[in-house]
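I opened this model to look up how one helix sits against its surroundings and how a few strands are paired. These are my notes, in the order in which I checked things.

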Amino acid sequence: MGNVLIIDDDAAICDALSELLTHIGHVVDTATSRDSGMEQATAKTVDVILLDVKMPDGSGLDLLPQLKALPNDPEVIIVTGYGTAKGAEFALKNGAWDY
């Protein structure tokens with residue numbers, strides 16, 4: 001299966017998604033800030049990134065171009081409770097697989 005990185009400041013969301021994805025066979029890492037998420041994404045090969053938008057250290061959307069520029073070009077799925085049409089348009093235009 002794949003290597004998944006969850007970048008979300010809500011530890012409960014990270015735990016729930018991690019448990020689900022691990023149960024179906026994926027290797028999962030989590031990060032609760034943009035900075036630690038970017039560090040993990042550059043330190044190892046990641047196939048899929050679940051990325052939150054609203055985090056204490058800034059917008060996850062700001063990371064999207066950097067994440068898509070990684071050598072392994074991971075698929076990025078935006079997961080947010082604060083979605084907007086403008087955010088969705090930005091995400092999809094910058095390579096997100098889904099919003």
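Entry 1. I began with the packing of helix H4, keeping in mind that this is a predicted model, and found that the buried residues of H4 pack against helix H3 (64-68) and strand S6 (75-78). In H4, which spans residues 85-93, I list Gly-87, Ala-88 and Ala-91 as buried. These three lie on the same side of H4, because they cover an arc of only 100° around the axis. I recalled that an α-helix has 3.6 residues a turn, so residues three or four places apart point the same way.

Entry 2. I then turned to the face of H4 that points away from its buried side, and there I noted the exposed residues Ala-85, Lys-86 and Lys-93. Just after H4, I found Gly-95 with a positive phi of about 100°.

Entry 3. Next I looked at the loop between S6 and H4, where Gly-81 lies. I enter Gly-81 as exposed, because its relative accessibility is 71% and the cut-off for exposed is over 50%. I also checked Gly-81 against His-23, which is 58 residues away along the chain, and the C-alpha atoms of the two are separated by 24 Å.

Entry 4. Last, I followed the strand pairing, starting from S1 (residues 3-7), which pairs with S3 (residues 48-51) in the parallel sense over four bridges. S3 is in turn joined to S6 by four bridges, and these two strands also run parallel. Leu-51 of S3 stands opposite Ile-7, and in S6 its bridge partner is Ile-78.

Methods. Residues numbered from 1 in each chain as written. Predicted model: local features only at pLDDT ≥ 70, side-chain atom pairs only at ≥ 80, totals over all residues. Heavy atoms only, no water. Buried < 20%, exposed > 50% of the residue type's maximum accessible area, 1.4 Å probe, protein only. Arc of directions from axis to C-beta. Contact = heavy atoms within 4.5 Å. Pairing = 2+ DSSP bridges.
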